[in-house]
Each structure stands twice: as structure tokens, then as C-alpha cells.
Amino acid sequence: MSKVFKYRQLFFVLTAVILIAIAINNQDISSALSYRSQTVETAAPKVEFLSTSTETVTTRTAKHKTTLAFEQYKPRYTAIAIHPSNYGDRYTVDVNGDALYNSPIVVLHETTNSALSAINTFRTSHPNARNQVSYHALIALDGTIVYLVAWDKRAFGAGNSAFVGASGVETVKTNPNFASSVNNFAYHVSLETPVDAWGKSNRTHSGYTESQYKSLAWLLTLTDVPDNRIATHQNVDRSGSRFDPRSFDFDKFFPILHSYRQPITN
Ligand SMILES: [Zn+2]
């Protein structure tokens with residue numbers, strides 16, 4: 001074996017070690033997103049149920065039981081730390097000091113561009129509150145779940161918004177300078193937009209992949225949020241400018257969700 005060959009081997013080994021170190025440190029976004037070409041851990045992470053000021057994990061009663069189909073579906077997932085300026089703590093009182101009692105809702109979104117581009121935005125420091133933005137999780141076109149903000153934190157997914165549910169209009173004002181929103185009790189999940197619609201503002205597009213619907217149903221099964229508290233950004237938006245997730249098919253989604261969970265009837 002020649003000396004040159006040995007040095008070349010050493011070079012490759014060192015390069016590999018450096019690349020692995022970068023990936024582990026999660027400093028390089030393309031390394032962090034290498035799930036597209038790698039085998040990613042498929043075991044479900046331990047995800048805590050969303051809790052609010054009045055509902056804690058210990059006192060909350062499960063509304064659904066999971067099925068064998070849920071147990072058998074093993075979505076690929078990864079977790080990426082985003083910049084702390086883009087999320088915060090959930091408030092226990094509103095701007096007037098009144099205690100908050102909202103049960104959690106889910107708000108669905110789409111990225112409008114690539115998942116990578118959305119993640120890059122969330123990883124960027126935004127000192128100006130008007131630019132701060134995040135989702136709790138997003139689901140890439142191949143169904144990979146990307147965890148971004150912990151469930152018990154407040155993601156900034158829908159400014160100027162309200163949820164109209166069985167108990168009326170729900171919206172929470174936490175900042176005197178901003179319109180009230182659902183962010184304090186929302187779990188924001190975004191679907192990566194199909195490639196044909198990246199950067200386009202058409203009201204419809206080719207829709208989401210089968211893997212995205214399955215991974216979304218699997219993820220929402222973990223939340224235990226009831227069907228009637230699953231909304232779209234368009235549903236809760238009050239600015240008149242949000243129409244996402246475009247071309248989302250609830251008729252396709254709910255049967256998958258219901259194959260993963262069933263209501264517990266007493
Ligand atoms: Zn949205």
C-alpha cells in the first residue's frame with residue numbers, strides 16, 4: 001500500500017468525521033436535513049401531550065384510544081432546533097390578567113415553498129416581533145415529520161386569528177401591540193407544498209402526498225385533539241390573506257385519522 005493511498009484514506013476518514021460532527025451539532029442545515037437520503041430512526045419519540053394552564057398531563061383524560069394501524073405506522077422523523085426568537089412560552093393569563101382556559105386546537109398550514117426554505121426562516125434570528133414565525137412541526141413531501149418547537153411552547157403560526165368552536169369564538173390577546181390570536185392554545189403543523197406550487201400564489205395546487213396524510217394523521221393522533229378542533233390556517237385567519245393549506249382534502253384525511261384512533265365512549 002503506497003503512502004499516497006494511506007494519506008488519501010486518512011483524508012476521507014477525517015472528512016467523514018468532520019461531516020458527522022457537523023451533522024450532530026446540527027449547525028449545517030443540509031446536514032440536518034439529510035434524512036432525505038438516510039435511514040432515519042423510525043421508533044416513535046416520546047411526545048408529551050399538549051397541556052394548557054388548566055389541563056395538565058396528569059389530570060387530562062384521554063379522548064381517544066389508538067389502533068393497531070397506528071402502532072404499525074412508523075413515520076420517519078427528525079428534530080431541528082430553531083432560533084428561540086421565533087417561539088415563546090404559553091401564557092397562563094391574557095394581557096388583562098384574566099386566566100386562560102382554552103383547550104388545544106390544531107392549525108394546519110403549508111410551507112408555500114420547500115421545507116428547507118421554511119426551516120431556514122425559523123432558524124434565522126428575528127429580533128423584530130413582526131417577523132417572528134414558526135410551526136411546531138412540519139411534514140415533508142416524503143412523509144418525514146420534522147419536529148421544530150416543543151409541544152408545550154407557543155409557536156408563532158397564525159397572527160390575527162380566532163377559532164370558532166362549539167363554545168363560541170376563541171382568541172387570546174397576549175401583547176397590547178398585536179391583534180389577538182389562537183397561538184396560545186394552538187398546535188401548528190405544516191405540510192410541505194408540492195413542488196409544482198413552490199413560490200406560487202394560485203389558490204389550488206396538485207395536493208399532498210399519501211405519506212403526508214398518513215404522517216399527519218399519526219402525529220395528530222398523538223395530540224388527542226378532537227376532530228372538531230382541527231382547523232386550517234384559512235379557517236382561523238382574520239387578515240383575509242391566508243388560504244393555506246391549499247387543496248387540503250379533509251375527506252381523505254379524516255378516514256386515515258379515524259383508522260389510527262377511536263373516540264372513547266363512556
Ligand atoms: Zn399558514
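**Group meeting: a walk through the fold**

Okay, let's start at one residue: Thr112 sits in the loop that links strand S4 (105-110) to helix H4 (115-122). Before I go on, keep in mind that this is a predicted model. Back to Thr112: its phi is positive, about 65 degrees, although the residue is not a glycine. Is Thr112 buried or exposed? Thr112 is buried, because it has 20 other C-beta atoms within 10 Å, and the cut-off for buried is 20 or more.

Now let me zoom out. The chain has seven helices and twelve strands. It runs to 266 residues, and buried ones make up 34% of them. If you look at contacts with a separation of 6 or more, 76% of them are between residues 24 or more positions apart.

Next, the sheet. Six strands make up an open sheet, and the order is S2-S6-S5-S10-S4-S11, with mixed pairing. At the edges you find strand S2 (77-79) and strand S11 (230-232), each of which pairs on one side only. On average, neighbouring strands in this sheet are turned by 25 degrees against each other, ignoring direction. One pair to look at is strand S5 (residues 137-139) with S10: they run parallel and are joined by three bridges. For example, Ile139 has Leu191 in S10 as its bridge partner.

While we're in S5, have a look at Leu138. Setting aside neighbours within four places in sequence, Leu138 is in contact with Thr111, Ala115, Ala118, Val146, Leu148, Ser190 and Glu192. Two of those names come back in H4, where the buried residues include Ala115 and Ala118, along with Ile119 and Phe122. Where do the buried residues of H4 fall when you look down its axis? They fall within an arc of 95 degrees, so they line one face of the helix.

On to helix H5, residues 210-223. For those who like a sanity check on geometry: at 1.5 Å a residue, its 14 residues should span 20 Å, and the end C-alpha atoms are indeed 20 Å apart, so that agrees. How many residues of H5 are buried? Twelve of the 14, so H5 is largely enclosed by the rest of the structure. Among the buried ones are Tyr213, Leu216, Trp218 and Leu222, and the list also includes Gln212, Lys214 and Ser215. As for placement, H5 lies across S4, S5, strand S6 (145-147), S10 and S11, and runs at about 170 degrees to S10. Right after the helix comes Asp224, whose phi is positive, near 65 degrees.

That brings us to the core. The largest nonpolar core has 48 residues, and those with the most contacts inside it are Ile105, Val106, Val107, Leu138, Val189 and Leu216. At least two core residues each come from S4, H4, S5, S6, S10, H5, S11 and H7. Which element gives the largest share? H5 does, with seven residues.

Since H7 came up, look at Phe254, which is located in that helix. Phe254 is partly exposed, with 13 other C-beta atoms within 10 Å. Phe254 and Tyr213 are 41 residues apart in sequence, yet their C-alpha atoms are 9.3 Å apart.

Now some loops. Between helix H6 (233-236) and helix H7 (250-260) there's a loop that holds Pro245. The peptide bond from Asp244 to Pro245 is cis, with omega near -5 degrees. Ser247 is in the loop between H6 and H7 too, and it has a positive phi of about 55 degrees despite not being a glycine. Ser247 counts as partly exposed, because it has 18 C-beta neighbours inside 10 Å.

Last stop: Asn184, in the loop between strand S9 (168-170) and strand S10 (186-191). Asn184 is buried, with 23 other C-beta atoms within 10 Å. What is Asn184 in contact with, beyond its neighbours within four places in sequence? The partners are Arg90, Tyr91, Leu100, Asn102, Arg154, Val172 and Thr174. Thr174 is ten residues from Asn184 in sequence, and the two are 8.2 Å apart, C-alpha to C-alpha.

That's my tour, thanks.

Note on methods:
Residues are numbered from 1 along each chain as its sequence is written. This is a predicted model: local features need pLDDT of at least 70, side-chain atom pairs count only at pLDDT 80 or more; totals for chains, interfaces and linings use all residues. Helices (H or I, at least four residues) and strands (E, at least two) are DSSP runs, numbered from the N terminus. The expected span of a helix is 1.5 Å times one less than its number of residues. The arc is that of the directions from the helix axis to the C-beta atoms. Two residues are in contact if their C-beta atoms, placed from the backbone, lie within 7 Å. Two strands pair if DSSP finds at least two bridges between them. Axes are lines fitted to C-alpha atoms, for helices over the stretch in contact, and angles run from 0 to 180 degrees between N-to-C directions. A nonpolar core is a set of buried Ala, Val, Leu, Ile, Met, Phe, Trp, Tyr and Cys residues joined through C-beta atoms within 7 Å.
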